[in-house]
Amino acid sequence: MEPKRYYINNLPDEPSPAITNDLQKKRIDGLIQSITKGLKLNSENSDGGLYVGLAGVSYMFYHISKIPSLQSVKKEYLEQGLKFIQIPLQLSYQNKLGRHITDKTGFLTGNAGIFAVASVLLKQMDMNQDSERALKHFIAVKEYLKPLNWFEQGGDELFVGRAGFLCALNWLRKELKHEIIPEHEVEELLNTMISSGKQYSQAARSPIPLMYHYYGTEYLGAAHGLSGILFVMLCFPQWLERHPNHKQLIKISVDSLLQLQTPSGNFPSAMDEVGGRRPVEEELVHWCHGAPGVVYLLAKSYLVFKEQKYLEAALRCGEITWQKGLLKKGSGICHGISGSGYVFILLYQLTKDPKQLKRAQGFNNFIHKPDYFAKARKPDSPLSLYEGIAGTVCFTADLTDPLNASYPFFK
């Protein structure tokens, strides 16, 4: 019987002809044409932040403008990016994209992410005053996040919480090449995340010393869960070195999570699934929930702690992704094939094993089969960054420069 969540992978796991940059450019052009023709620039499509809104498409244009093989059209991409960010940005300034506090703090689903991407794009276009305005609004978001229990449904995760804000900050520092926020204020937020994780872990009697919840569920994946939060904390090396006790606590938590990796290489999506409550045929193998998202934490742990076990665990994530990563939910980066493909780019960067690059190319070729989009399930936002083909554009472009590629914002 055909699996429900993924296509059976019959791709050859061996060297195949390299994908040329010209072919990738042709694929990118076709996908971009679908986006620009199909996505109206209006307030309705601005909702959903970077995740499914116009701002995510704006980020896509910025992302691909940095690809060496696409430099001949860099200016055009930046102009398009600016066009797609204008309405979401103005609505964010006016606080019209939702009224809940998390609509203001959200990195992937709220104003914070829109301000971050806008500030970088505007800077690229030499609109320095406008860039500074967007950046100031981004910086102001931190005030919401300072209280320990600022959001009782879980204020530390990636989409709307402290991890998301700090992930955006880490990205901004790399793109704008300055501190953005004084280090002592960043450390306050990181220390608060540690306190929050300890507090919840003790109250919930969790076996993992740092544990978090989102709407009462102890998620483990990248999107709302533990691995995304720990990954972000490991992105701040100065803080880690100044706080060796925190660094050790993070390491113990990573090791505790590592114990939950299944024999196949996957991870439960949440603590209430530990022990196999979800049937194996129903397991989630996505960036948002499962091995294709946890792999980024394992890779970062390998680079920070220098222990081989993390690389070995990351490679096991790659094996389950190769087996079950041709997802039927579309070509996006959250719960689609492009998100799976980025796993192999990451593993290629870590190991320089050409097999990993060939796997990424194989997944990309699968997406670009003539009948793929006709057969695949249509996500709710089929043109968006995380659910749809804007993310596929990023993945397709990144394959032309794989050693410098990165899953959006996860660097």
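Which residues does Cys334 touch, not counting residues up to four places away in sequence? Keep that selection in mind while loading the structure, which is a predicted model.

**Stop 1: Cys334 and the annotated site**

Select Cys334 in the loop between helix H15 (308-324) and helix H16 (337-351). With residues up to four places away in sequence left out, Cys334 touches Tyr51, His286, Trp287, Cys288, Tyr386 and Tyr407. Cys334 has a relative accessible area of 1%; buried means under 20%, so Cys334 is buried.

Now add Cys288 and His335 to the selection. An unreviewed UniProt entry lists Cys288, Cys334 and His335 under "binding site". These residues span 48 residues in sequence, but no two of their C-alpha atoms are more than 6.5 Å apart, so they gather at one spot.

Centre next on Cys288, in the loop between H13 and H14. Is Cys288 buried or exposed? Its relative accessibility is 7%, so Cys288 counts as buried. Apart from neighbours within four places in sequence, Cys288 is in contact with Gly221, Ala222, Ala223, Cys334 and His335. Two of the listed binding-site positions, Cys334 and His335, are therefore among the contacts of Cys288.

**Stop 2: H16 and its two partners**

From Cys334, move along the chain into H16, which covers residues 337-351. Show helix H17 (residues 354-367) beside it: the axes of H16 and H17 come within 7 Å and cross at roughly 160°. That angle makes H16 roughly antiparallel to H17. The crossing of H16 past H17 is left-handed.

To see the contact, display side chains on both helices. H16 contributes Ile337, Ser338, Ser340, Gly341, Phe344, Ile345, Leu347, Tyr348 and Thr351. From H17 come Pro354, Gln356, Leu357, Arg359, Ala360, Phe363, Phe366 and Ile367.

Then bring up helix H19 (residues 389-398). How do the axes of H16 and H19 cross, and within what distance do they come? They cross at roughly 25° and come within 9 Å, so H16 and H19 are roughly parallel to each other. H16 passes H19 in a left-handed crossing. On the H16 side the contact is made by Ser338, Gly341, Tyr342 and Ile345; on the H19 side, by Gly391, Thr392, Cys394, Phe395 and Asp398.

Ser338, Gly341 and Ile345 of H16 appear in the contact with H17 and also in the contact with H19. As background, an α-helix has 3.6 residues a turn, so residues three or four places apart point the same way.

**Stop 3: Asp13 and the H17 side chain Arg359**

Select Arg359 of H17 again, then look for Asp13, in the segment before helix H1 (21-38). The side chains of Asp13 and Arg359 make a polar contact of 2.6 Å. Leaving out neighbours within four places in sequence, Asp13 is in contact with Trp322, Lys355 and Arg359. Asp13 and Lys355 are 342 residues apart along the chain, while their C-alpha atoms are separated by 7.4 Å. At 34% relative accessibility, Asp13 counts as partly exposed.

**Stop 4: H11 and its cover**

Select residues 226-233, which form helix H11. How many of its eight residues are buried? The count is eight of eight, and the helix is mostly covered. The buried residues are Leu226, Ser227, Gly228, Ile229, Leu230, Phe231, Val232 and Met233.

Show the surrounding helices to see what lies over them. The cover includes helix H9 (162-176), helix H10 (183-204), helix H12 (237-242), helix H13 (244-258) and helix H14 (291-305).

**Stop 5: Asn170 in H9**

Stay with H9 and select Asn170. Asn170 is buried, with a relative accessible area of 8%. Its side chain is joined to that of Lys174 by a polar contact of 3.1 Å. Beyond its neighbours within four places in sequence, Asn170 is in contact with Cys235, Phe236 and Lys411.

**Stop 6: Gly106**

Finish at Gly106, in the loop between helix H5 (101-105) and helix H6 (111-124). Gly106 has 0% relative accessibility and counts as buried. Neighbours within four places in sequence aside, Gly106 is in contact with Asn111, Ala112, Gly113, Phe159 and Val160. Add Val141 and draw a distance: Gly106 and Val141 are 35 residues apart in sequence and 9.0 Å apart in space, C-alpha to C-alpha.

Methods. Residues numbered from 1 in each chain as written. Predicted model: local features only at pLDDT ≥ 70, side-chain atom pairs only at ≥ 80, totals over all residues. Heavy atoms only, no water. Buried < 20%, exposed > 50% of the residue type's maximum accessible area, 1.4 Å probe, protein only. Helix = DSSP H or I, 4+ residues; strand = E, 2+ residues; numbered from the N terminus. Contact = heavy atoms within 4.5 Å. UniProt positions renumbered as here; feature names shortened; annotations may be inferred. Polar contact = N/O pair within 3.5 Å; in protein donor to acceptor, adjacent residues only side chain to side chain. Axes fitted to C-alpha atoms, helices over the stretch in contact; angles between N-to-C directions. Parallel < 35°, antiparallel > 145°, perpendicular 65-115°, else oblique. Left-handed = near helix turned anticlockwise from the far one by under 90°.
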